[in-house]
Amino acid sequence: MVITDGITSGVEVRQQRGLAIAALARIEKQGDYYLVPSQTNPHATKYKVWMNPRKPVCTCTCADHETRRCQCKHIYAVLYPQL
Ligand SMILES: [Zn+2]
C-alpha cells in the first residue's frame, strides 16, 4: 500500500473510500460531531469527525488525519451527502 499525504496526492482515493463509507455505513450525529465507523473494521471504535462551520477544515480522530492533517476518508464520508 502506498502511503500518501492526502493533500498533494491520494485525495481521490480518500474521496472514494469516504463515498463507500457513506454508502455502506451508518453515520451518527452526536451533538456537534459525527461518529464514523472504520471502513476496514466496522466493529472497531468509531472515529469522531468534527464539522466546524467557521473553519474550512474538519477534524477527525483517526491516525490518517492526526499525522497528516489531511481530509481523511471519514471526513469525506461526512461531507459526501453535501458535495
Ligand atoms: Zn479520519
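# Exercises on a predicted model

Strand E3 has two faces, a covered one with Tyr47 and Val49 and an uncovered one with Lys48 and Trp50. The model behind these exercises is a predicted one.

## Exercise 1: the sheet around E3

Work out in which order the four strands of the sheet are arranged, and which partners the residues of E3 have.

Step 1. The four strands make up an open sheet with the order E1-E2-E3-E4, and their pairing is antiparallel. The edges are strand E1 (28-30) and strand E4 (59-60), each of which pairs on one side only.

Step 2. On one side, E3 pairs with strand E2 (residues 33-36) in the antiparallel sense, over four bridges. Within this pairing, Lys48 in E3 is the bridge partner of Leu35.

Step 3. E3, which covers residues 47-50, is also joined to E4 by two bridges, and these two strands again run antiparallel. Here Val49 has Cys60 in E4 as its bridge partner, while Trp50 stands opposite Thr59.

## Exercise 2: a residue of E4

Decide whether Thr59 counts as buried, partly exposed or exposed, and find what it touches.

Step 1. Thr59 belongs to strand E4. A residue needs 20 or more other C-beta atoms within 10 Å of its own to be buried, and it is exposed with 12 or fewer. Because Thr59 has 17 C-beta neighbours inside 10 Å, it counts as partly exposed.

Step 2. Leaving aside residues up to four places away in sequence, Thr59 touches Trp50 and His65. Its C-alpha atom is separated by 7.4 Å from that of Ile75, although the two residues are 16 residues apart along the chain.

Step 3. Cys60 can be treated in the same way: with residues up to four places away in sequence not counted, it touches Tyr47, Val49, His65, Cys72, His74 and Ile75.

## Exercise 3: the core

Find how many residues the largest nonpolar core has, and which elements supply it.

Step 1. This core has 14 residues, and those with the most contacts inside it are Val36, Val49, Cys60, Ile75, Ala77 and Val78.

Step 2. Two or more residues of the core come from each of helix H1 (11-24), E2, E3 and helix H3 (73-79). The largest share, four residues, is given by H3.

## Exercise 4: the faces of H1

Explain why the buried residues of H1 can be said to line one face of the helix.

Step 1. Begin with the length of the helix: at 1.5 Å a residue, the 14 residues of H1 should span 20 Å, and this agrees with the 20 Å between its end C-alpha atoms.

Step 2. The buried residues of H1 are Arg14, Gly18, Ile21 and Ala22. Seen down the helix axis, they fall within an arc of 95°, so they line one face of H1. As a general rule, an α-helix has 3.6 residues a turn, so residues three or four places apart point the same way.

Step 3. These buried residues of H1 pack against E2 and H3, whereas the face turned away from them carries the exposed residues Glu12, Gln16, Ala23 and Leu24.

## Exercise 5: the whole protein

Describe how the elements follow one another from the N terminus on, and judge how compact the protein is.

Step 1. The protein has three helices and four strands, which run α-β-β-β-β-α-α from the N terminus on.

Step 2. Its radius of gyration is 12 Å, close to the 12 Å given by the globule rule for 83 residues, so the protein is as compact as a globular protein of that length.

Step 3. Of its 83 residues, 29% count as buried.

Technical notes. Residues numbered from 1 in each chain as written. Predicted model: local features only at pLDDT ≥ 70, side-chain atom pairs only at ≥ 80, totals over all residues. Pairing = 2+ DSSP bridges. Contact = placed C-beta atoms within 7 Å. Core = buried A, V, L, I, M, F, W, Y, C linked by C-beta atoms within 7 Å. Rg over C-alpha atoms; globule rule 2.2 N^0.38 Å. Expected span 1.5 Å × (residues − 1). Arc of directions from axis to C-beta.
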